[in-house]
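User: Please take a close look at one part of this protein and then place it in the rest of the model. Plain wording is fine, as I am in my first year.

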Amino acid sequence: MPSNKRIFIIGGGLSGLTLAYLLSTSKYSVTILEASRRLGGRIQTKRGKLETPLELGATWFSDIHQNLLALLDELGINRFFQFSKGISLFQTKSFEPAQSFYVPESESPSYRIAGGTQNIIKTLLKKLDDVEIHLNASVSQVKDLGSEILIETKDGKKWSADKVVLCMPPHLVGVKISFLPDLPKDICQLLPTVHTWMAGSVKFVLEYEKAFWRENGYSGMLYSHVGIVTEMYDHTNVEESKFGFTGFLNSGISSYSQGVRKELVLKQLASLLGNQILNFIAYDDKVWTDEYISGGPQIIQRPHQNNGHPLLQESYMNGKLYFSGTETATQFEGYMEGAIISAINVAEKIKSIV
Ligand SMILES: Cc1cc2nc3c(=O)[nH]c(=O)nc-3n(C[C@H](O)[C@H](O)[C@H](O)COP(=O)(O)OP(=O)(O)OC[C@H]3O[C@@H](n4cnc5c(N)ncnc54)[C@H](O)[C@@H]3O)c2cc1C
């Protein structure tokens with residue numbers, strides 16, 4: 001039974017939902033406030049016109065991601081290997097034809113989640129019957145009232161909490177949330193400098209009726225220093241009944257319209273894999289620069305800058321405020337594994353105190 005200890009989780013991505021799951025089996029009353037109109041954050045699986053699960057966000061993981069593997073097992077979610085057999089292509093220079101190469105089978109290939117990465121979000125949600133979830137709830141202020149915390153959202157709604165866990169990129173916390181009284185100077189200075197992994201990246205997906213490239217001996221893998229598509233992979237589903245590609249676009253093109261991006265993707269791929277590319281069923285892409293991941297351009301000296309920083313492991317407002325989210329993890333920061341590790345850490349801290 002929920003107790004009257006009110007724990008508020010800010011952000012309904014993998015970290016926030018995992019934390020809610022870990023706390024919901026205990027005595028706390030848990031509420032999630034999520035700014036956007038969907039759960040999942042940087043996990044976003046869209047369905048094509050033929051129902052192919054198409055990943056616009058997180059997709060791959062491997063045997064080193066032990067906490068993610070354990071959570072998938074616990075939730076009964078299957079995984080499968082990323083397909084990589086056949087001829088792969090590498091475009092090195094604009095004035096040379098693409099080079100073909102074969103990738104030898106990896107001893108430890110990457111996995112994908114059966115049914116799409118969103119499956120982990122959907123399955124966690126099913127376990128959260130006792131958790132209150134508010135979408136379109138963008139937190140803008142966190143006020144320490146001494147015995148409790150007052151949370152305010154952009155639309156003026158207010159909630160009282162005993163503990164608050166910020167499960168969102170620290171950079172966004174730094175630029176979007178005001179704290180009363182101010183947090184200590186060192187953490188205020190740190191927050192805007194914490195690199196948000198994959199902010200600004202551009203992912204695309206294409207859906208097909210058949211995996212014609214497999215029939216022609218291709219793996220679907222492409223790496224390019226030349227075209228708009230910089231990386232691409234086969235995106236056939238676990239049952240091998242739905243087909244497509246996913247990959248990354250050069251992030252320099254994020255100001256192009258989606259129509260122009262699509263045209264350039266198709267042109268590049270048709271020149272490499274033939275005109276069957278043009279018989280696609282669905283195209284989509286996503287530029288990850290929206291307000292839910294980015295608080296504006298970040299000047300970053302190195303990837304993962306200040307991820308897992310010691311100040312992100314501390315609690316604030318006299319033990320009432322915590323940081324979680326993948327950028328706070330001290331291992332596998334930026335990845336799904338980091339999101340889960342951060343949730344496990346904070347859940348342990350809260351359970352040991354409350
Ligand atoms: C294109 C792309 C590809 C990726 N590929 C991989 C991959 O292959 N493998 C891998 O392991 N990882 C990958 N990642 C990273 C992975 O998606 C993240 O590590 C993980 O999903 C982060 O989870 P999180 O809960 O920490 O943060 P998020 O998913 O960012 O969740 C934070 C949540 O907080 C919400 N929020 C933001 N501001 C507020 C506010 N003011 N009030 C309330 N809520 C707020 C957001 O809307 C969001 O739902 C990829 C990410 C992207 C973008």
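How many bridges join strand 2 (residues 29-33) to strand 9, and do these two run parallel or antiparallel?

Analyst: This is a predicted model, and what follows describes that model. Strand 2 (residues 29-33) and strand 9 are joined by three bridges, and the two run parallel. One pair can be located by residue: Ile 32 has Ile 133 in strand 9 as its bridge partner. Helix 1 packs on the sheet to which these strands belong, where the helix touches strand 1 (6-10), strand 2 and strand 13 (163-166). The direction of helix 1 makes about 170° with that of strand 2.

The sheet itself comes next. It is an open sheet of five strands in the order 9-2-1-13-20, and the pairing is parallel. Strand 9 (132-134) and strand 20 are at the edges with a single partner strand each, so one side of each has no neighbour in the sheet. On average, neighbouring strands here are turned by 20° against each other, direction ignored.

The loop that comes before strand 20 can be looked at too. Pro 303 is in the loop between strand 19 (282-287) and strand 20 (321-323). Is Pro 303 buried or exposed? Pro 303 counts as exposed because it has 10 C-beta neighbours inside 10 Å, and the cut-off for exposed is 12 or fewer. Although Pro 303 and Thr 196 are 107 residues apart in sequence, their C-alpha atoms are 8.8 Å apart in space.

A second sheet is also open, with four strands in the order 12-11-10-14 and mixed pairing. Its edges are strand 12 and strand 14 (178-180); each has a single partner strand, so one side of each is left without a neighbour in this sheet. Neighbouring strands of this sheet are turned by 20° against each other on average, direction ignored. Within it, strand 11 (residues 149-153) and strand 12 (residues 158-161) run antiparallel and are joined by four bridges. Opposite Leu 150 stands Ser 160 of strand 12, and opposite Ile 151 stands Trp 159 of strand 12. Strand 11 and strand 12 make a hairpin with four residues between them. In the turn of this hairpin, Gly 156 has a positive phi of about 90°.

Now the wider layout of the chain. It is divided into domain 1 (1-43 + 126-196 + 292-354) and domain 2 (47-116 + 201-287). The centres of the two domains, taken over C-alpha atoms, are separated by 32 Å. Where they meet, nine residues of domain 1 are in contact with seven residues of domain 2. On the side of domain 1 that touches domain 2, helix 8 gives the largest share, with five residues. By class, that side has six nonpolar residues, one polar residue and two charged residues.

Strand 18 (residues 243-249) has partners on more than one strand. Strand 15 (residues 202-208) pairs with strand 18 in the antiparallel sense over seven bridges, and Val 205 has Thr 246 of strand 18 as its bridge partner. Strand 17 (residues 229-234) also pairs with strand 18 in the antiparallel sense, over five bridges; here Met 232 has Gly 247 of strand 18 as its bridge partner. Strand 18 is mostly covered, with six of its seven residues buried.

Thr 230 lies in strand 17. Thr 230 counts as partly exposed because it has 18 C-beta neighbours inside 10 Å, while a buried residue has 20 or more. Apart from neighbours within four places in sequence, Thr 230 is in contact with Ser 224, Phe 248, Leu 249 and Asn 250. Thr 230 and Thr 246 are 16 residues apart in sequence and 11 Å apart in space, C-alpha to C-alpha.

The ligand comes last. Why does it lie between domain 1 and domain 2? Both domains give residues to the shell around the ligand, so the ligand lies between them. Of the 40 residues around the ligand, Gly 11, Gly 13, Gly 41, Arg 42 and Ala 58 come nearest. Helix 1 (14-24), which packs on the five-stranded sheet, supplies at least two residues of the shell, as do helix 4 (170-176) and helix 8 (336-353). By class, the shell has 21 nonpolar, 15 polar and four charged residues.

Terms used. Residues numbered from 1 in each chain as written. Predicted model: local features only at pLDDT ≥ 70, side-chain atom pairs only at ≥ 80, totals over all residues. Near = placed C-beta within 6 Å. Nonpolar A, V, L, I, M, F, W, Y, C, P; charged D, E, K, R; others polar. Domains from an automatic or database assignment. Pairing = 2+ DSSP bridges. Axes fitted to C-alpha atoms, helices over the stretch in contact; angles between N-to-C directions. Contact = placed C-beta atoms within 7 Å.
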